[in-house]
Amino acid sequence: MSTKVKATPIGIDLGTTYSCVAVWFDQHDRVEIFPNEQGNTITPSCVAFNDTEHLVGEGAKNQITRNPENTIFDVKRIMGSRFSNIRLQKDIESWPFKVIEGSSDKPMIVLEHMGANKEFSAEERSSMILKNLKEAAEAYLGTPVRDAVITVPAYFSDRRQATKDAGTLAGLKVMRLINEPTAAAIAYGLDNFADPNHPHQKNVLIFDLGGGTFHVSLLAISKEGTISVKAVGGDTRLGGEDFDKAMVDHCVQEFK
């Protein structure tokens, strides 16, 4: 059942493997994550094409085994990267879909649709995921959604503009990009500020190991809600996808 609320910004976690969208409800005094069409609160960060249509999320993920060369995943790793980037070249070797060099060393994804090859930028593909999340929020809220806050990895400086561009293509005004550890700290604080035993200041370690990125942040959170970053560390190319690849590479060598 949809809930009528006034127009409000949504929060989007645009992940390497899964994404989700949520909003803060004043009347509930908490954040609520919206379900997608399948009723799940997380949506695979996949985009796919078949002979007649394009698919996003669950439908696209189901296409991976049947039509892998026309299914895009790990788009987050392409955004803002140069085609000549050594780490991107290693990723391309393991992907079933084709990535070519576009103008100004920009990586372009090539897919077959309606019998013809079409080139897409990573921002265009990522915008499809953002638009899908936007539509899920609108269906739940019963009102149009225009503004969004999107989380990004702490070491994402070269791709922040690409994320904003993807949001614009999805019909969203990106109000702010927030580092994922900071977003986690805010969520932690919202759940704990009301605790009468909350100390004047607390040190919190945010450990975030995702599908494609890993980062750790040491933060100081005051009872008034002020968040100070003391130290950060991480790797934007270390996550569950990399563990999977390492295991596959190991098995290949064993079989050989």
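## Enclosed cavities

The largest cavity in this predicted model has a volume of about 60 Å³. A cavity is a set of points, on a 1 Å grid over the protein atoms alone, where a 1.4 Å probe fits but cannot get out; residues with an atom within 4 Å of a point count as lining. Volume here is the space filled by probe spheres set on the points, with grid points joined across faces, edges and corners. Across the whole structure, three cavities of 30 Å³ or more are found.

The lining of the largest cavity consists of Leu14, Gly15, Thr16, Ser45, Val75, Lys76, Met79, Ser126 and Ile129. Helix H2 (75–78) and helix H4 (122–141) each contribute at least two of these residues; helices are DSSP runs of H or I of at least four residues, strands are runs of E of at least two, and both are numbered from the N terminus. By class, the lining comprises four nonpolar, four polar and one charged residue, where Ala, Val, Leu, Ile, Met, Phe, Trp, Tyr, Cys and Pro count as nonpolar, Asp, Glu, Lys and Arg as charged, and the others, Gly among them, as polar.

## Basis of the model

The model is predicted: local features require pLDDT of at least 70 and side-chain atom pairs pLDDT 80 or more, while totals for chains, interfaces and linings use all residues. Residues are numbered from 1 along each chain as its sequence is written, and side-chain values use heavy atoms, with hydrogens and water left out.

## Open pockets

A pocket is an open set of grid points with protein on both sides within 12 Å along at least five of seven lines. The largest pocket has a volume of about 980 Å³ and is lined by 34 residues, with Gly11, Ile12, Asp13, Thr151 and Ala183 nearest its centre. Two or more lining residues come from each of strands S1 (10–13), S2 (18–25), S3 (30–33) and S11 (147–152) and from helix H6 (180–192). Strand S2 gives the most, seven residues. The lining divides into 19 nonpolar, eleven polar and four charged residues.

The second largest pocket has a volume of about 500 Å³. Its lining holds 17 residues, of which Asp91, Ser94, Glu241, Asp242 and Lys245 lie nearest the centre. Helix H3 (86–94) and helix H7 (240–255) each supply at least two, and H7 gives the most, with seven. In this lining, eleven residues are charged, five nonpolar and one polar.

## Aromatic contacts

Five aromatic pairs are found in the whole structure. Rings of Phe, Tyr and Trp (its six-membered ring) pair if their centres lie within 6.5 Å, and planes under 30 degrees apart count as stacked, over 60 as edge-to-face and the rest as tilted. Trp95 and Phe97 form a stacked pair, 5.1 Å centre to centre with 15 degrees between the planes. Both rings belong to residues that are buried (under 20% relative accessible area; exposed is over 50% and partly exposed in between, with a 1.4 Å probe and protein chains only), at 7% for Trp95 and 2% for Phe97. Ring pairs join Phe73, Trp95 and Phe97 into a cluster.

The charged end of Arg125 sits over the ring of Phe120, 3.9 Å from its centre; this requires NZ of Lys or CZ of Arg within 6 Å of the ring centre and within 35 degrees of the ring normal.

## Cysteines

With a disulfide defined as a pair of cysteine sulfur atoms within 2.5 Å, the count is zero. Cys20 is in no disulfide, and the nearest cysteine sulfur, in Cys46, is 15 Å away, which is too far for a bond. Cys20 is buried at 17% relative accessible area, and Cys46 is buried at 5%.
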